[in-house]
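The exercises below concern charged side chains and enclosed space in a protein model. Work through each task with the coordinates open, then compare your reasoning with the solution.

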Amino acid sequence: MEFPQQQKPAGDGKIIYPPGVKEITDKISNDEVVKRLKMVVKTYMDMDQDSEEEKQQYLALALHLASEFFLRNPNKDVRLLVACCLADIFRIYAPEAPYTSHDKLKDIFLFITRQLKGLEDTKSPQFNRYFYLLENLAWVKSYNICFELEDCNEIFIQLFKTLFSVINNSHNQKVQMHMMDLMSSIILEGDGVTQELLDTILINLIPAHKNLNKQAYDLAKTLLKRTVQTIETCIANFFNQVLVMGKSSVSDLSEHVFDLIQELFAIDPMLLTSVMPQLEFKLKSNDGEERLAVVRLLAKLFGAKDSELASQNRPLWQCFLGRFNDIHVPVRLECVKFASHCLMNHPDLARDLTEYLKVRSHDPEEAIRHDVIVTIINAGKKDLNLVNDQLLGFVRERTLDKRWRVRKEAMMGLAQLYKKYCLHHEAGKESAQKISWIKDKLLHIYYQNSIDDKLLVEKIFAQYMVPHSLDTEEKMKCLYYLYACLDTNAVKALNEMWKCQNMLRGLVKELLDLHKLPVSEANNTAMFGKLMSIAKNLPDAGKAQDFMKKFNQVLGEDEKLRVQLEMLISPTCSCKQAEICVREITRKLTFPKQPTNPFLEMVKFLLERIAPVHIDSEAISALVKLLNKSIEGTADDDEEGVTPDTAIRAGLELLKVLSFTHPTAFHSAETYESLLQCLKMEDEKVAEAAIQIFRNTGQKIETELQQIRSTLIPILHQKAKRGTPHQAKQAVHCIHAIFNNKEVQLAQIFEPLSRSLNADVPEQLITPLVSLGHISMLAPDQFASPMKSIVANFIVKDLLMNDRSVGNKNGKLWTTDEEVSPEVLAKVQAIKLLVRWLLGMKNNQSKSANSTLRLLSAMLVSEGDLTEQKKISKSDMSRLRLAAGGAIMKLAQEPCYHDIITPEQFQLCGLVINDECYQVRQIFAQKLHLALVKLLLPLEYLAVFALCAKDPVKERRAHARQCLLKNISVRREYIKQNPLAQEKLVSLLPEYVVPYMIHLLAHDPDFTKPHEYEQLKDIKECLWFMLEVLMTKNENNSHAFLRKMVENIKQTKDAQCPDDAKANEKLYIVCDVALFVIANKSTACHLDSPKDPVLPSKFFLIQDKAIHTHTHT
């Protein structure tokens, strides 16, 4: 607006005062000035814009009130009254103020602004006048006059600063409203907002200021909302200067840009309409720290509860997602942390995030993989629907991460989800179903080699899957239905877990028993061995050994501690008692002044593994009651998601496993009564499991539970005679295990069965053959002789050497068990009977073993068709070849029979692993592996795996390689752990498999033309298959030892046929190929061998004079 020309007061400039008001000058006292000014204020207050006469009359007074005397007056009351007068003067004379000098106007408005500071104290007697001043200024928009002044900005800055500084929580809504009106009119009606003025508003949003004065923050927030259309341009300009052009000097707030953007976004996203593209530019900065700052900011903006930024600004969202793949680790980490809030607040964005989290779950940085898991689990714990199956799949994958910290986080996270949704059913059956796989997955981890993994699975099982804190009935119900729902591998893992804990309890018991013996060198050595074995079952083997030695020392000194530990591992220890024992032992080993006690932590690990936290007599009783309910049909089986049949079968299996590890807990009439009921059920598996439980736990039945004994015996007899083969086996073993008059009992079964054998009814032969075989194995002194005539006259002559029926000629190499002819099933059992009979005798005085081995060899030579009448089907021949190969392997586990197995018979047995039928190869390899890994079979049988290199199926070759790795590792570990093993190195050291392998390959029926390339290539593949695994490490110069061994073989003759030139040539050629493979694999093989290898005389004949030095190429 235009400033008017200076208005002239009436009466030649003489100041006219309102009636009753004397002249106000500097000659009177302050009190008098105040008194007279109050009357002036009243006059101006009562005037309005239409009072033209009064306006002219009091013009001189209006000019006088703007004089230095009033504007610089030291008295606060005087200044306040003058300010009120001036505010009214602006109101009355609007739109043309009586003051025309720009300097004067500036002085007046700065003066009025200073008075507004009085608004701060609402309890002041003058507060109402200050409020009146504010109200007047706001209502009239008096400050808008300043727009015409060149330096109006100074006034506005001062005004905004003043208002933001005085506002506080004692102000009512009216005060805030007038302040708002006053400031918003300046912004809305001005030509723009300068940076300095913008700073006075924005500074109130910075966290430090925001926390100091919440009301100033709210005022700034409301002001920005009201003026968004106008102020947005100014804000955009500010951020453009700082973010894009890098001009941080434009404002003192430049260092707070990201905090400000976050606050402004929360106030109104419209304030940042033009700023968001600038952030996209910043996201692509070359400076990692700068990208990190922008990512942190955008994470808050995108993740905020009601934010719609991702949908409104897709380019920025996509650009932000790109930072998940940033080269800078902290940026990727920040993105992953953001994902958690985003999943919780914006489930609709889960699909966008999934792909990026997938990549980050494989990030090379451990911390990032770890945080991906935390992100997904936190969202899942809030609401399972927030995380899709893919996201849960990433956590599942990470349970096998190479880093323990990541694996642990993934396992614990899944355990927490399982407990929340499957155990407590916090989100209904659908959610429980969605993650039902967790229980199996967690238990599968028990198969991992790391002891840390195993311990964590045990902890998770005890705290999350079947919480030990539950009362016994609840706990057992939880275990009963969990066991019924687990997959086969998870069940095996859980059984293995109990087995390992039981084994560890056994080691601790053996250690405590050693403490009861007098001190001696032998005793100390035995103790050391036990401590080493215990330490292997604890984390960090090195530290565990030291701590176990220390613990053993404490045990030796503290008898009370030994008593507590004895009680803890006692078979009769209850779960409650176990808790008390653990608490007492822990208390004894706690040192109050020691904040961290790694020794105590290690002992706790041991106690956690050996303490019976789930199973005791009360628990077994509860399980049996649950089983009874399932049998009666009164259980919650269907509600728990399993059929009654499944529940009964799984319940019995569970009790069977526990009968191995906690046999004492079963000893009660009530438990045995229930098991007798199970024996009478039609389900074959249920009855079989029940017999096995009696076998494992019934040692005191004969002396303490006569009623059970008299009911059990006839049932066992019936099962041994007419039950299924598995039931018959268990029944015979049960009688042998729990009754004192076992000889009488077994004879009562043996005699009628041996008399009733009839090869014409093969389907009725299988159970009797199983029972007879096991009876002769368990009681050889009593039954070995009568069995001899049965074997000669019936088993061999009547059954094995005859083909009564004609098999199916469909050409299939394998059929299901149900399709195998009863005659062949009987023949397979007959072969097993021969082996059991021989294993019972354990001697070859009657040469029965020689004839049996010849029979088995003939079976293999004839490919399963012993009579060669071609009546038998291809699939049945496969069954018989498998049975014959398995039988030789079983006999080889007994030293007296191993010695008489000829190299030819060994080769026939080994070649079963190259059988034309896939299932034969598969089952034979599995049996071979299990016997080798338990160190039951001689080392030469390990050589058989070399033939697997020729297997056409990739999976079989991979399986064979895994078997080799496992067996070699088991043997090396055994040698390390057992000092006495040094004396038997020839039979234990994996390298000694090489001579057997060379001999076996030299006699491979496929190796007919020793100079033909394809055949040599096969030989090389077989040698490489074994040597590649054997030569992974060059321990104790083993590569040179291998070379020396092969060179030594070249100086021998083939003991199997020493005078056959072709056989010897083949042997030397295999040696040359082996030397070639060894030299190619290792440069260290040419060093001197530390030891002179010993060659098995059964396979190699040392030559007296002629030394073979020719090298075949």
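Buried means under 20% relative accessible area, exposed over 50%, and partly exposed in between, with a 1.4 Å probe and protein chains only. The model is predicted, so that local features need pLDDT of at least 70 and side-chain atom pairs count only at pLDDT 80 or more, while totals for chains, interfaces and linings use all residues. Residues are numbered from 1 along each chain as its sequence is written, and side-chain values use heavy atoms, with hydrogens and water left out.

**Exercise 1.** Determine which parts the salt bridge between Arg 403 and Glu 366 ties together.

Step 1. A salt bridge is a side-chain nitrogen of Lys or Arg within 4 Å of a carboxyl oxygen of Asp or Glu, and for Arg 403 and Glu 366 the N to O distance is 3.8 Å.

Step 2. Arg 403 lies in the loop between α22 (389–398) and α23 (404–423), and Glu 366 in helix α21 (residues 366–382), so the pair ties together parts 37 residues apart in sequence; helices are DSSP runs (H or I, at least four residues), numbered from the N terminus.

Step 3. Arg 403 is partly exposed at 45% relative accessibility, and Glu 366 is partly exposed at 23%.

**Exercise 2.** Classify Arg 709 and Glu 702, which meet in a salt bridge, as buried or exposed.

Step 1. Their closest approach, N to O, is 2.9 Å.

Step 2. Arg 709 has a relative accessible area of 18% and is buried, and Glu 702, at 10%, is buried as well.

Notes: Helices (H or I, at least four residues) and strands (E, at least two) are DSSP runs, numbered from the N terminus.
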